Amino acid sequence: NGGTISTAQIGSYGAGNGTYITGAINNTGTINVTGASQLTFDNDTASITNSGTINVTGKNLQVNQTGTGQSFTNETGGELNISTGVTIGVTGGTITNDGSVNGPGTLQLSSVVSLDSNVSLSSFILNATSSTVDVTGDLAPASGSVITTSTITVSGSLNIPGNLTLSGSTVNGPISNSGTLTTQGLNTITGVLTNNPGGIVDARN
């Protein structure tokens, strides 16, 4: 795709089931998720490459990578824009990011083998479950982020400007907390935890 796809125009597959696209996707143009139903990239064996723009504004975008070897690559110059109240959800597979991921919406990771970002990430809510996130630079997820049974590795720092919950997870790298860090269960932090003025650490069982 070197043009524009709008889910408000292409309709839905089955009543209430939303729009499904299967097979390999190479987006060099614009995809607008603006319709009344979710857009799903349902890929058992194929891969997704984005060097254009994906705007998620109306309903969620769900990326299913449930087979083996699937990947979602956001190349240099690629943009993933997530508006308030909507989500880009990725299940399984791998993600490579050399572009930008912009909030204030939510990036939801479930059983993602690895999210490798070669640039710093910030401004979106990050909800990760049983996933691995590796960031070259800083990671500063928006308030309301929840990291559950996952591993976060940063070459810079995990910066917490708002509220973040760690539950049964590992952070490889330093944490700078200026908001509220809530810990639940056993968490491992291999770097220095700096609790800045006004920062709160709420340690729970």
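This report covers the sheet, the nonpolar core and the largest cavity of a predicted model.

## Basis

The model is predicted: local features need pLDDT of at least 70, side-chain atom pairs count only at pLDDT 80 or more, and totals for chains, interfaces and linings use all residues. Residues are numbered from 1 along each chain as its sequence is written, and side-chain values use heavy atoms, without hydrogens and water.

## Sheet

Ten strands (DSSP E runs of at least two residues, numbered from the N terminus) make an open, parallel sheet. Its order is β2-β5-β8-β11-β14-β17-β20-β23-β26-β29. Pairing requires at least two DSSP bridges between two strands. β2 (19-22) and β29 (200-204) are the edges; each has a single partner strand, so one side of each lacks a neighbour in the sheet. From one strand to the next, the twist averages 15 degrees (axes fitted to C-alpha atoms; angles from 0 to 180 degrees between N-to-C directions).

Strands β5 (residues 39-42) and β8 (residues 61-64) run parallel, joined by four bridges. Asp 42 sits opposite Asn 64 in β8.

## Core

The largest nonpolar core (buried Ala, Val, Leu, Ile, Met, Phe, Trp, Tyr and Cys joined through side-chain atoms within 4.5 Å) has 39 residues. Buried means under 20% relative accessible area, with a 1.4 Å probe and protein chains only. Phe 41, Leu 61, Ile 88, Val 90, Leu 107, Leu 109 and Leu 139 touch the most other members.

Leu 107 contacts (heavy atoms within 4.5 Å) residues including Ile 82, Ile 88, Leu 115 and Phe 124, leaving out those up to four places away in sequence.

## Cavity

Leu 107 also lines the largest cavity, as do Ile 88, Val 90 and Leu 115, among others. A cavity is a set of points on a 1 Å grid over the protein atoms alone where a 1.4 Å probe fits but cannot get out; lining residues have an atom within 4 Å of a point. β9 (71-74), β11 (87-91) and β12 (94-97) each give two or more residues to this lining.

Notes:
Buried means under 20% relative accessible area, exposed over 50%, partly exposed in between (1.4 Å probe, protein chains only). On a 1 Å grid over the protein atoms alone, a cavity is a set of points where a 1.4 Å probe fits but cannot get out, and a pocket is an open set with protein on both sides within 12 Å along at least five of seven lines; lining residues have an atom within 4 Å of a point.
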